[in-house]
Number of protein chains: 2
Amino acid sequence: MSERLIQSVERAADILELFLVTKPELSIKEISENLNLSKSTVHGIIKTLEHRGYLQQNPEDAKYRPGIKLFELGNFVGKHLDIGKVARPFIRELVDELNETVHLVSLQRDEVIYIEKVEGHSTLTIYSHIGKRAPFHSTGVGKSILAYLNENEANRILSSIKLESFTKHTMTNIEDIKEQLHSIREQGYAVDDEEIELGLKCIAAPIFNHQGNVIASISCAAPKMRLDENKLPKVIAGIKKAAAEISICLGYKGKHLIE
Amino acid sequence: MSERLIQSVERAADILELFLVTKPELSIKEISENLNLSKSTVHGIIKTLEHRGYLQQNPEDAKYRPGIKLFELGNFVGKHLDIGKVARPFIRELVDELNETVHLVSLQRDEVIYIEKVEGHSTLTIYSHIGKRAPFHSTGVGKSILAYLNENEANRILSSIKLESFTKHTMTNIEDIKEQLHSIREQGYAVDDEEIELGLKCIAAPIFNHQGNVIASISCAAPKMRLDENKLPKVIAGIKKAAAEISICLGYKGKHLIE
DNA sequence: GAATGCCATTCGGTAATGCCGAATAAAAGG
DNA sequence: CCTTTTATTCGGCATTACCGAATGGCATTC
């Protein structure tokens, strides 16, 4: 593990990512204080990033914000995400069938990222998540992925994350979560029952690649009261079927398929 | 103009942007040859970018591709683009009314970038453009923006770009284009009549900010044959009206408004 | 299965470069 | 108009990132 990383490139990344966790607009002073760097160092990096379109300065208050080049690159990435291309038609079909919002997430470097969201016609517009991280322990997609990782991986991730509590239903005990992963594997789907937002219930199922590794997940998100004994079975069946079909499209030949 | 830019940050940007103009997956050798850098230099920067999620290595062939962190940042930018937030509802409404695809582009640092696209129900899905650059001389949005820039700016841009020919209808003579900009200003909208793609016709109108500067444009894109003497006037009126409404929302108080 | 070629990766020395602290300029606020 | 705040520039030094060469790993060929 040599890892000869380039300091100034890392610092540029630090600056860009600082916007994600603080505010969409920051001054040089704020950045240098947050990152413990001198103003002149930050200034040099920022001017380089600005010159290239990765940041832009607001002429009103001289503050900086992420720039259009990131938009360009981000959309390029989105367009070339294999999982997105494959899953899109299945998701569309599922939304038409269930008339509820369906999310697609992808497992990327120990993080679950929202890749796509298609809204059902009858839903309220939920705050859009695309590009954001989903917590592992409090979402259907997160749990369905955890459940199908190999146990070492899952344990490593579970012990590395903070089990933040979002509602009174969020599971924050690591042993409880591990136990639930068993039943997820038995059922073939995961449930989030108001664990991240009160009133919101999600049903999620894992997606596997050709090597049989879980790499993504889709979920149906709806107001809890709308998932009654009539609709819930349809949602579960629909999500499981779509996830299996997407997996097969990716070359999966394993046994977690719909019977 | 001192411009003390950080070399390694610029090189990192060079690498990321190389994917946009070549292929979605490149080897270290290809990158170092393209950028005239030693393999070890490229390797150092790439490993840093990979470590931060800006690139990811394909285990199959050891090549690299843009990573998920760019997706995250790009979506963050998209969400905070003021023009997008303001224009979205007007665009939705316009699509419902016309049932044709509507694009929103934004002028950013001498480039016209596709920000949003809403498809009409009856259209074929055109290849998606979000995040990409639109040529100034061969699109309705590009010409409508050029027409309302101040003349120095417009001339500077026109003489700096390559007037690439996409179809037999593409205008490649700079004087012809300048002349057309006059009539665009008189009419209040721009037309692209198969100038970038055969069979495709677009009607575009400019969007102004509170200072009266053109900063964006919306267009309706449809198969040429569908824009007949019946529909064309509706499209023109609709695009002009929506562009004016969006401008007003942005604080515009000027005279390019619909009567 | 040895040998060859190709390419990613590592290493070591060195010159350039990016970093910091201080000075300056510019802008905002009172 | 003066004060305060923050962006920007400058100069010198130590660090760092760059390069060329060597190594390692993988696959293809004979």
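Colleague: Leaving aside neighbours within four places in sequence, which residues is B:Ser219 in contact with?
Modeller: In this predicted model, and with those sequence neighbours set aside, B:Ser219 is in contact with B:Thr101, B:Val102, B:His103, B:Val141, B:Ile203, B:Ala204 and B:Ile239.

Colleague: And where is B:Ser219 placed, in terms of strands?
Modeller: B:Ser219 belongs to strand β8 of chain B, which covers residues 214-223.

Colleague: Is B:Ser219 buried or exposed?
Modeller: B:Ser219 counts as buried, because its relative accessible area is 4%, and the cut-off for that class is under 20%.

Colleague: Switching to the DNA, which residues are closest to strand D?
Modeller: Strand D is surrounded by 21 residues, and the closest of them are A:Gln7, A:Ser27, A:Tyr64, B:Ser40 and B:Thr41. By class, the surface near DNA strand D is made up of 12 polar, 5 charged and 4 nonpolar residues.

Colleague: Which element gives the most to that surface near DNA strand D?
Modeller: That is α3(A), with 4 residues. At least two residues each come from α1 (7-21), α2 (28-35) and α3 (39-51) of chain A, and also from α1 (7-21) and α3 (39-51) of chain B.

Colleague: What share of the strand D atoms within 4 Å of the protein belongs to sugar or phosphate?
Modeller: Sugar or phosphate accounts for 72% of those atoms, with bases making up the rest. As for individual pairs, a backbone N or O atom of A:Ile28 is 3.0 Å from a phosphate oxygen of DNA strand D, while a polar side-chain atom of A:Gln57 is 3.4 Å from a phosphate oxygen of that strand. The side chain of A:His43 places an N or O atom 3.2 Å from a sugar or linking oxygen of DNA strand D.

Colleague: OK, now the protein interface: how much area do chain B and chain A bury between them?
Modeller: They bury about 5100 Å² between them, and 62% of that is on carbon and sulfur atoms. Of the area that chain B buries against chain A, 13% is supplied by B:Ile68, B:Phe71 and B:Glu72, which is more than any other three residues supply. The contact involves 55 residues from chain A and 55 residues from chain B.

Colleague: How many salt bridges does the rule find across it?
Modeller: The rule finds 10 salt bridges across the interface of chain B and chain A, and one of the pairs joins A:Arg52 to B:Glu10, with the closest N and O atoms 3.0 Å apart. Polar contact across this interface is found for 19 residue pairs.

Colleague: Which element gives the most to the chain B side?
Modeller: On the side of chain B that touches chain A, α4(B) gives the most, with 13 residues. That side has 25 nonpolar, 14 polar and 16 charged residues.

Colleague: And over all chains, how many salt bridges are there?
Modeller: The count over all chains comes to 46 salt bridges. Among them, A:Arg226 pairs with A:Glu100, the closest N and O atoms being 2.7 Å apart. The two residues are 126 residues apart, with A:Arg226 in the loop between β8 (214-223) and α9 (231-249) of chain A and A:Glu100 in the loop between α5 (82-98) and β3 (101-108) of chain A.

Colleague: Is A:Glu100 buried or exposed?
Modeller: A:Glu100 counts as buried because its relative accessibility is 1%, whereas A:Arg226, at 29%, counts as partly exposed.

How values were computed. Residues are numbered from 1 along each chain as its sequence is written. Chains are lettered from A and ligands numbered from 1 in the order in which they are written. This is a predicted model: local features need pLDDT of at least 70, side-chain atom pairs count only at pLDDT 80 or more; totals for chains, interfaces and linings use all residues. Side-chain values use heavy atoms; hydrogens and water are left out. A residue is near a molecule or strand if one of its heavy atoms lies within 4 Å of it. A polar contact is a pair of N or O atoms within 3.5 Å; within protein, one must be able to donate a hydrogen and the other to accept it, and residues adjacent in sequence count only if both atoms are side-chain atoms. Ala, Val, Leu, Ile, Met, Phe, Trp, Tyr, Cys and Pro count as nonpolar, Asp, Glu, Lys and Arg as charged, and the others, Gly among them, as polar. Contact means heavy atoms within 4.5 Å. Buried area is the accessible area (1.4 Å probe) that two parts lose on being put together, summed over both. A salt bridge is a side-chain nitrogen of Lys or Arg within 4 Å of a carboxyl oxygen of Asp or Glu. Buried means under 20% relative accessible area, exposed over 50%, partly exposed in between (1.4 Å probe, protein chains only).
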